[in-house]
Amino acid sequence: LLSICIKVLESYDPRKTTVDAHCDDCPHLKTKGLSEVDSKFVKQVFYGCIRHRKFLNLFVTGFLYKNPATAQRSEQTLYTVLGYLAFFRLEELTVPVFRSFVLTGSPPPILAFLQFAFGVEDLKEWVVSEWCKIYDMGYIEDQILGTIQRMLPELTQLINEISIKATGTKAVETDGESETKDKKPRTTVPEPFNITKPKPRLVPQPEPISREIKATKKPRT
């Protein structure tokens, strides 16, 4: 299902069609075996990625600059889709369902993605101040970061699971585990968010993933 979401987003060309027309005509949405429920979900992801493209472009660009050795530029659409699911659909999907999506990717870059997406210091340093230029700070703090904060215990388990696959060790010590146990240094630890004074972003303007969309009506047939 994730691969179909990626193909639908990558095949969209606003110079040739509209968002609605693309959903009606895209061959990837006519894939054999794709149920009506799954088709609706793919369309929602496509619409969501287009609607929040500026937000997601900032996130993906920050992630690529923060992790040049691990993140793969060829996978920008994957990071866009996962970013949309992480920031706008996580509570609805639940972490177990989100886990099923991230497990389809290569562990090292997916681990870097999760640590960046759910790491407060990275978000504050690289993207939060720019996000607040697009959306109200209260919305970013309460709806975007607040959701992640509420789900940190489950997200920490997911990060550790991917970390074991990628490195053989956990990235974050959980409650009840010995603090004296030998472990490798970890770079990102999820913690409660506080963005009252977000730091300036240290990344140039994002490289557009989606082109500008013209607000035209669906052509009549």
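# Reasoning through a helical model

User: In this predicted model, what makes arginine 73 count as sitting over the ring of tyrosine 65?

Analyst: The charged end of arginine 73 is 5.5 Å from the centre of the tyrosine 65 ring, and it sits over that ring. The distance part of the cut-off is within 6 Å of the ring centre, and the charge must also be within 35 degrees of the ring normal.

User: Happy with that. What kinds of elements does the chain have, and how many?

Analyst: There are 12 helices and zero strands. Read from the N terminus on, the elements run α-α-α-α-α-α-α-α-α-α-α-α. The chain has 221 residues, and 48% of them count as buried. Of the contacts between residues at least 6 apart in sequence, 73% join residues at least 24 apart.

User: Let's look at helix 4. Why is it called largely enclosed?

Analyst: Because 11 of its 14 residues are buried, helix 4 is largely enclosed by the rest of the structure. The buried residues include Arg53, Asn57 and Thr61, along with Phe55, Leu58, Phe59 and Phe63. Their cover includes helix 3, helix 5, helix 8, helix 9, helix 10 and helix 11.

User: How do you know that the length of helix 4 agrees with what a helix should span?

Analyst: At 1.5 Å a residue, the 14 residues of helix 4 should span 20 Å. The end C-alpha atoms of helix 4 are 20 Å apart, so the two values agree.

User: Why is leucine 58 called buried?

Analyst: Leucine 58 belongs to helix 4. Its relative accessibility is 6%, and buried means under 20%, so leucine 58 counts as buried. Its C-alpha atom is separated by 6.4 Å from that of valine 127, although the two residues are 69 apart along the chain.

User: And just before helix 4, why does histidine 52 count as buried?

Analyst: Histidine 52 has its place in the loop between helix 3 and helix 4. The reasoning is as before: its relative accessibility is 8%, the limit is under 20%, and therefore histidine 52 counts as buried. Leaving aside neighbours within four places in sequence, histidine 52 is in contact with Tyr84, Phe88 and Tyr135.

User: Now the rings. How many aromatic pairs does the structure hold, and why is the pair of phenylalanine 55 and phenylalanine 87 given the name it has?

Analyst: The structure holds 18 aromatic pairs. For phenylalanine 55 and phenylalanine 87, the ring centres are 5.7 Å apart and the planes stand at 70°. Centres within 6.5 Å make a pair, and planes over 60 degrees apart count as edge-to-face, so this pair is edge-to-face. It links distant parts of the chain, with phenylalanine 55 in helix 4 and phenylalanine 87 in helix 5, 32 residues apart.

User: Are those two residues buried or exposed?

Analyst: Phenylalanine 55 has 0% relative accessibility and counts as buried. Phenylalanine 87, at 4%, counts as buried too.

User: What makes phenylalanine 59 and phenylalanine 87 a pair, and of which kind?

Analyst: Their ring centres lie 5.0 Å apart with planes at 80°, so this pair is edge-to-face. Here phenylalanine 59 is in helix 4 and phenylalanine 87 in helix 5, 28 residues apart, so the pair too links distant parts of the chain. One aromatic cluster includes Phe55, Phe59 and Phe87, and among its other members are Tyr84, Phe88, Trp131 and Tyr135.

User: Which residues have the most contacts inside the largest nonpolar core?

Analyst: They are Phe98, Leu114, Phe118 and Trp131, in a core of 66 residues. Helix 5 gives the largest share of this core, nine residues. Not counting residues up to four places away in sequence, leucine 114 touches Phe98, Val102, Gly119, Leu158, Ile159 and Ile162.

User: Last one: how do you know that cysteine 49 is in no disulfide?

Analyst: The structure holds zero disulfides. For cysteine 49, the nearest cysteine sulfur is that of cysteine 5, 7.7 Å away. A disulfide needs the sulfur atoms within 2.5 Å, and therefore the two do not qualify. Cysteine 49 is also buried, with a relative accessible area of 2%. As for another cysteine, cysteine 132 lies in helix 10 and touches Met137 and Ile140, not counting residues up to four places away in sequence.

How values were computed. Residues are numbered from 1 along each chain as its sequence is written. This is a predicted model: local features need pLDDT of at least 70, side-chain atom pairs count only at pLDDT 80 or more; totals for chains, interfaces and linings use all residues. Side-chain values use heavy atoms; hydrogens and water are left out. Helices (H or I, at least four residues) and strands (E, at least two) are DSSP runs, numbered from the N terminus. Buried means under 20% relative accessible area, exposed over 50%, partly exposed in between (1.4 Å probe, protein chains only). Contact means heavy atoms within 4.5 Å. A nonpolar core is a set of buried Ala, Val, Leu, Ile, Met, Phe, Trp, Tyr and Cys residues joined through side-chain atoms within 4.5 Å. The expected span of a helix is 1.5 Å times one less than its number of residues. Rings of Phe, Tyr and Trp (its six-membered ring) pair if their centres lie within 6.5 Å; planes under 30 degrees apart count as stacked, over 60 as edge-to-face and the rest as tilted.
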